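Open the model in a viewer and keep the sequence panel beside it. The stops below are meant to be selected one after another.

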Amino acid sequence: AAAAGPAAAAGLWSEVNRCGQNGDFARALKSVNKILQINKDDVTALQCKVVCLIQNGNFKEALGVINTHTKLLTSDVIAFEKAYCEYRLNRIESALKTIQSASQQTDKLKELYGQVLYRLERYDDCLAAYRDLIRNSQDEYEEERKTNLSAVVAAQSTWEKVVPEDLGLREATYELCYNSACALIGQGKLNEAMKKLQKAEELCRQSLSEDSDVTEEDIEAELAIIHGQMAYIMQLQGRTEDALQLYNQIIKLKPTDVGLLAVIANNIITINKDQNVFDSKKKVKLTNAEGVEHKLSKKQLQAIEFNKALLAMYTNQADQCRKLSASLQSQSPEHLLPVLIQAAQLCREKQHAKAVGLLQDFADQHPANAAEIKLTMAQLKIAQGSVTKACMILRSIEELQHKPGMVSALVTMYSHEEDIDSAIEVFTQAIQWYQQYQARTNHGCCVFQPKSPVHLSLIREAANFKLKHGRKKEAISDLEELWKQNPKDVHTLAQLISAYSLVDPEKAKVLSKHLPSSDTMSLKVDVDALENSHGATYVRKKAGKLTGDNQQKEQGQGEVKKKKKKKKGKLPKNYDPKVAPDPERWLPMRERSYYRGRKKGKKKDQVGKGTQGSTTTGSSELDASRNASSPPTSPRPGSGAAVSATSNVIPPRHQKPAGAPATKKKQQQKKKKGAKGGW
């Protein structure tokens, strides 16, 4: 049995060796376990077991084997495998300690050390580590080391805003081109970065298309990170629609990189802002995927958390917003955004006083960030209508009091409140600051102009403001100061003379002698061209061509008025040029001399005006008043029926008074309307 043990172990070692060369580590692990059953303290077998577990992706189990056999597997024997397991299990600090505790720093440990430093965002140390590796190693992994080196430089440019140095790397691979583009983005050179990304895309397609096993889907999946960076550049350039379209195309590919998906989802949320919040709520789920925290940098994760808090505020989830912002503030107490988000949430809840108090507390606790916080407080005061209090807050920011933008804002606000004295005081304090700064720098023998351009600009603006508001005496001192600085400034001298003319006319006359003569001020100006220019308020009209007598008459005149062309009026269709037009054609028809009223039709004349059934036929023949030899009033016997049948004489009781014709006419009109509707 004792002899059979070594023989069996030898066969098992042969099996382990063969499986290792074939890459069948699962089968090799079985053989190693059999060897350990024969000899559980075999150090080589334990090392092989750890390697097999690592190759199979069982990092936790491999680390458990190492920790269980610490006496046999010392740091000198298995330091790299232990550090690598800790690195893959995202125990980065532990991996760093394991590497540093190793007695001998092998090339493998140095490579892993560079990766650990990169994950810890210690970019300066990482850069030095990779430079040392590239300098002291020559193998087939040189291209990978250069790629990692360029990635470190890109990270420095992006997150630490360090201007990258030229490493002299030949951008022969798409990875190097991509990292170079990221470094350019960090410097703000977006157009150059886009060209680098386009080159990286071409190189990626070329290198992957050479492999027959790679499909178009595989190529698109590999290009996803390049396209994502292109979309980010578009977003920075303001081409949000193009960026959004490209982002959505990448999401449709469903890449396996959770870090890439989280960044794209976050960028879409920033484009949506307070609009399309339902889409943003869907996209925010991609940022919560498992393992995202290990794929992104601290600043990326922080930006995602900020956007989550803002999204909660926009969706009226006040408690969630407060919870997220409080968590962010506990992680980064000196950061501005968490407290600003909390203040914004309070303002949405109409608690402006509480928001101002929160900002004031933060400014007291963190004086380094007090300026930005006080600017926000001033904005809240302005929104409440407390302009004077906003001015007091702004004037409390000592490091910004002398800035032209701050001076302009304060003067505008004080002018709005009609507090001219305070506005002039703001000018005075700013001018005094520059005078003191000039005195300090000149005393220290620093190169400084007698009056800086900003200083002179403030003095001029102060003088103009005082002149505008009737403070002539105060403006005179400023204008004299400006004139001393530049005695050749005619504009300042003219302003000074104008101010003195209202206060001291004699002084104005004395100063007017310093004005240059008209001969020296004459400029070679083409008056005609100036008057005919596009910006001139008066443009001289070009003279028209004159002939004959008109030319002689208009010879002495400087301008010729053009005659306006009269448009020909439209003539009626039945116009006859041979017939003279009607002189009364401008009068209404009723007012013309030949108007006879409306023509009455024959049927209208035949309408009976008496009793129903009577006619007007022969009424004139039977009218006794028109006949000289009228018959007797009594009818003859036998003729009564005939008379009643043909007569239109209305019996006395059917007759109407003198005003009857008007009423009769109205009745006839009503009958017409009724007849028209009936027919």
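The tour starts with the whole chain and then moves through single elements and residues of this predicted model.

**Whole chain**

Select the protein chain and colour it by secondary structure. What appears is 34 helices and zero strands. Switch to a colouring by burial: of the 679 residues, 32% count as buried. With the surface turned on, the chain exposes about 45600 Å², and carbon and sulfur atoms supply 52% of that area. If contacts are drawn between residues at least 6 apart in sequence, 48% of them join residues at least 24 apart.

**Residues 224-257**

Next, select residues 224-257. An unreviewed UniProt entry lists this span as "repeat: TPR". The span is 76% helix and 0% strand. Draw a distance between its two end C-alpha atoms; they lie 10 Å apart.

**H13 and H14**

Now select helix H13, residues 240-252, together with helix H14, residues 258-272. At what angle do H13 and H14 pack? The angle is about 150°, and the axes are 10 Å apart. H13 and H14 cross in a left-handed sense. Show side chains to see the contact: H13 brings Thr240, Ala243, Leu244, Tyr247, Asn248, Ile250 and Ile251, while H14 brings Leu260, Leu261, Ile264, Asn267, Ile268 and Ile271.

**Asp274**

Follow the chain out of H14 to Asp274, in the loop between H14 and helix H15 (277-283). Asp274 has a relative accessible area of 43% and is partly exposed. Add Leu310 to the selection: it is 36 residues from Asp274 along the chain, and the two C-alpha atoms are separated by 8.7 Å.

**Ala326**

Move on to helix H17, residues 318-331, and pick out Ala326 within this helix. Is Ala326 partly exposed or buried? Its relative accessibility is 39%, so Ala326 counts as partly exposed; the buried class would need a value under 20%. Label Ala309 as well. Ala326 and Ala309 are 17 residues apart along the chain, with 9.7 Å between their C-alpha atoms.

**Lys350**

Where is Lys350 found? Look in the loop between helix H18 (336-348) and helix H19 (352-365). The backbone is the point of this stop: Lys350 has a positive phi of about 65° although it is not a glycine. Its relative accessibility is 68%, so Lys350 counts as exposed.

**H21 and H22**

Select helix H21, residues 387-395, and helix H22, residues 404-416. These two helices pack at an angle of about 160°, with their axes 10 Å apart. H21 and H22 are therefore roughly antiparallel to each other, and their crossing is left-handed. Show side chains again: on H21 the contact is made by Val387, Ala390, Cys391, Leu394 and Arg395, and on H22 by Met406, Leu410, Met413 and Tyr414.

**Glu418**

The last stop is Glu418, in the loop between H22 and helix H23 (420-443). Check its backbone: phi of Glu418 is near 60°, a positive value in a residue other than glycine. The relative accessible area of Glu418 is 70%, which makes this residue exposed. To close, select Glu418 and Lys350 in turn and inspect the backbone of each: phi is near 60° in Glu418 and about 65° in Lys350.

Key: Residues are numbered from 1 along each chain as its sequence is written. This is a predicted model: local features need pLDDT of at least 70, side-chain atom pairs count only at pLDDT 80 or more; totals for chains, interfaces and linings use all residues. Side-chain values use heavy atoms; hydrogens and water are left out. UniProt positions are given in the numbering used here, feature names are shortened, and annotations may be inferred rather than shown by experiment. Helices (H or I, at least four residues) and strands (E, at least two) are DSSP runs, numbered from the N terminus. Buried means under 20% relative accessible area, exposed over 50%, partly exposed in between (1.4 Å probe, protein chains only). Contact means heavy atoms within 4.5 Å. Accessible areas come from the Shrake-Rupley method with a 1.4 Å probe; for residues, only the protein chains shown count as cover. Axes are lines fitted to C-alpha atoms, for helices over the stretch in contact, and angles run from 0 to 180 degrees between N-to-C directions. Angles under 35 degrees count as roughly parallel, over 145 as roughly antiparallel, 65 to 115 as roughly perpendicular and the rest as oblique. A crossing is left-handed if the near helix is turned anticlockwise from the far one by less than a right angle, and right-handed if clockwise.
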